[in-house]
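User: I would like to learn how to read burial, contacts and surface charge in a model. Can we work through some cases?

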Amino acid sequence: MKKVLGFMLLTLIAIGLAACQGVTTIPTTTALPTTTTGGSTTTAQTTTGSGTTTTPAATTTTTTVTIPEEPIDLVINVAGENDKRLFTYLQANPLEMPDGTIIDSGDLKPMWQYVESELNIVIDDVATPGQRPADMFDLAAANQFQGADIFGGPNLGQRLMSAGVDGYFVDLSEHLADMPNVSAYLASNPLVLNAITAADGGIYHLPYIAEINNYARMYIGRYSWVTALLDGEVNGEPFALETETATLNVAYEAYWKDGTEDLPYGGLRNTTNVIDLQNAAATAGVLTQATALQVLKDYIDATYPTLENRSDLYLGETGQYDIDELVALYRVIKLSPLSLSKEAYGTAKPGAIIWPFYARQSNYREEVLRLMLFFGGQRVHGSDSYGSRFYLDENGVLQYSYFQDNFLDNLNRIRAMFSEGLVDEKLSGAANTTNLRTNYIFKDSVETQMEFGFMCYDFTSSTTAASGGQDDVKAFLPPLTTTPVSDGEFIHYLENTRVVKPDGWGISANISEDALVGALRLFDYFFSEEGNRIQNYGTPDLWVEDEVYVNPTDGVEGPKFSTWTLTKATEITSGDMSSFLRDHIGAQIPIGYQKVIGFELQSTSANGMWSWELYYGANDGDGVLMNSYSAEETYYQLVPPIFSLTSTENALLSTTTTMTADAQLIDRMMAFLGSKTGEGIPQTSEEVRDMFIAAGVGTYIYIYQLAYSRMSAD
């Protein structure tokens, strides 16, 4: 956004920083000790920001860890997204393990007890239940990180790196000889090495590395609702719709329509637009179910005459709808609470509320912003993190998405969807951990359940595994869209994929010499073959002895979960294996390790595996396009999970902007989407823009562009 004020500000910053440039530089490589390794390596190709091909591996060595004779005490403060994600078991009900061992509230979770015994360490978990990771870190910083030996948690990578540059965390690059497994991993994965190397050349944390080159989430919803409304049948049986009395006030305007030359990469897709037709059919701006449904049916018949069923426009491999056609369907769904509650529960529920789009939980509220991708490919997140709001445009320039003209314009479109009740209103409130997914698709059979959801954007395995008796909750291909580099071609595209995450842990510089030995051994353990295995799959008593599971997607082998494990995960986490391992066993907490896909695939339902196949088979067999580190077009490239700033840059940010503590900004922007009023809440997208300007976004963007240029230099 080219504003005179912003330009003047950036000019002043450039002059101020000119004298500082060159004080510190980021080395393109870090010297690593050579390590003799054993075992085999399984890889998936990616690249660094500078285009160097690398091969991320789940584990690169089987170097044996030396166990000390005397136990080493370690005080660890790894904050979680909620109380369940700590090292300590804080569930209301005890967990009985396969051997009969009882894990009670207040005990270390089983995996961490196993780590204690394997490494001869004693872990004192001092994380405060209910404390946000950022708040934990700020409090620890005020005490100069004297409260624990190890600190970490979600979205703390940037903070760990910055505090390390300031001398508060151990420079791990000076201790790689004591971490042979970490050393071998980084030597084989320069992408990860570059991502965690600070401006002064140090390494101050080890990151959580997700299952690179796999889809992070998919659009998943109820197929039966689409066939019920558009085809008049469910699972091949006739389905009679109820007489609906619900109405909505039209607010959303068509995107893919004629006369939209001002739209980026937009314009007419079909000769007519279904939103225009529905809006024209509304009476005094009020739309009924009967009208919205009939218009949609007639539109599909006229525009897609070769479809065998109207529902084929949306379902399965024939899905070819755009964002306007999705909104038209959302409207019909919103207007059909009696019919759809009958389909879900068995009988119609007067007073039922239907949410066409929702998120897994209300603190995942920024998922709704990802719908902007289907307005001409507008990027939202440059990496798989809500905090990653920088991305590379088609010219390779780092952009802050939340401040771009297109993004701000699209806020009005998302706001209109909220206004019509198409998006769960809870996503426009303050972030909290209320689990919406559990209520909206997992509780259809509960008599008192009055809210139901149609579609969310979430992880495939967990969402398709437990759908409250609904056997047709599966993935929808994402809406078709163009992008700035698709040459006008409409494609299935998602911007987020599994990446190097901005999560992890580091070692306080206040640590004693004895404790440092144990901390380095612990950090190294999770990059060994055994440590990686238990971090991904939990303790060995969860596996079938001497049996392996072969991933159907890549042929990689891993431990095979026992019947006890699969049954227990179904019993207490509705089949969500990741939640079971994190919340009950203690594995997969976002600390330094390489995650693999095998744990997820072997606990994925038939509908989930079908969904994976759908996404991999899209775009004529090329798969749904996803961003990657190896993409040729910069528009499709992932940015680093964190940016390495110099002390000077950090100081400038702290004194000239409030962008680094932007939770309030996002609260206000989301409140704007929900048309809320109150002090500081913008009432127009222009006021959202002004809010970011007042927060110093010009300085913020310039400094991060400077950092990225330094990081990506050859």
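**Reading a covered helix**

Analyst: Start with helix 5, in what is a predicted model. Its buried residues are Pro180, Asn181, Val182, Ser183, Ala184, Tyr185 and Leu186.

User: How many of the 9 residues of helix 5 are buried?

Analyst: Buried means under 20% relative accessible area. In helix 5, residues 180–188, 7 of 9 fall in that class, so the helix is mostly covered.

User: What covers the buried residues of helix 5?

Analyst: The cover includes two helices, helix 6 (190–196) and helix 15 (513–525). Strand 8 (206–209) and strand 24 (593–594) are also included.

User: Now a single residue. Is Val688 buried or exposed?

Analyst: Check its accessible area against the cut-off of 20%. Val688 has a relative accessible area of 0%, so Val688 is buried. Val688 sits in helix 23, residues 685–694.

User: Which residues does Val688 touch, beyond those up to four places away in sequence?

Analyst: Leu408, Leu411, Met669, Phe672 and Pro682. Take Phe672: it lies 16 residues from Val688 along the chain, and their C-alpha atoms are 8.2 Å apart.

User: Which residues gather in the patch of negative charge on the surface?

Analyst: A residue needs over 30% relative accessible area and no salt bridge to join a patch. Here the negative patch holds Asp487, Glu489, Asp620, Asp622, Glu632 and Glu633.

User: Where is Glu633 found?

Analyst: In the loop between strand 25 (625–626) and helix 21 (647–656). Glu633 has 36% relative accessibility, so Glu633 counts as partly exposed.

Methods: Residues are numbered from 1 along each chain as its sequence is written. This is a predicted model: local features need pLDDT of at least 70, side-chain atom pairs count only at pLDDT 80 or more; totals for chains, interfaces and linings use all residues. Side-chain values use heavy atoms; hydrogens and water are left out. Patches are made of residues with over 30% relative accessible area and no salt bridge: like charges are joined within 9 Å, nonpolar side chains (Val, Leu, Ile, Met, Phe, Trp, Tyr) within 5 Å. Accessible areas come from the Shrake-Rupley method with a 1.4 Å probe; for residues, only the protein chains shown count as cover. A salt bridge is a side-chain nitrogen of Lys or Arg within 4 Å of a carboxyl oxygen of Asp or Glu. Lys and Arg count as positive and Asp and Glu as negative; His and the chain ends are not counted. The place of a charge is taken as NZ of Lys, CZ of Arg, CG of Asp or CD of Glu. Helices (H or I, at least four residues) and strands (E, at least two) are DSSP runs, numbered from the N terminus. Buried means under 20% relative accessible area, exposed over 50%, partly exposed in between (1.4 Å probe, protein chains only). Contact means heavy atoms within 4.5 Å.
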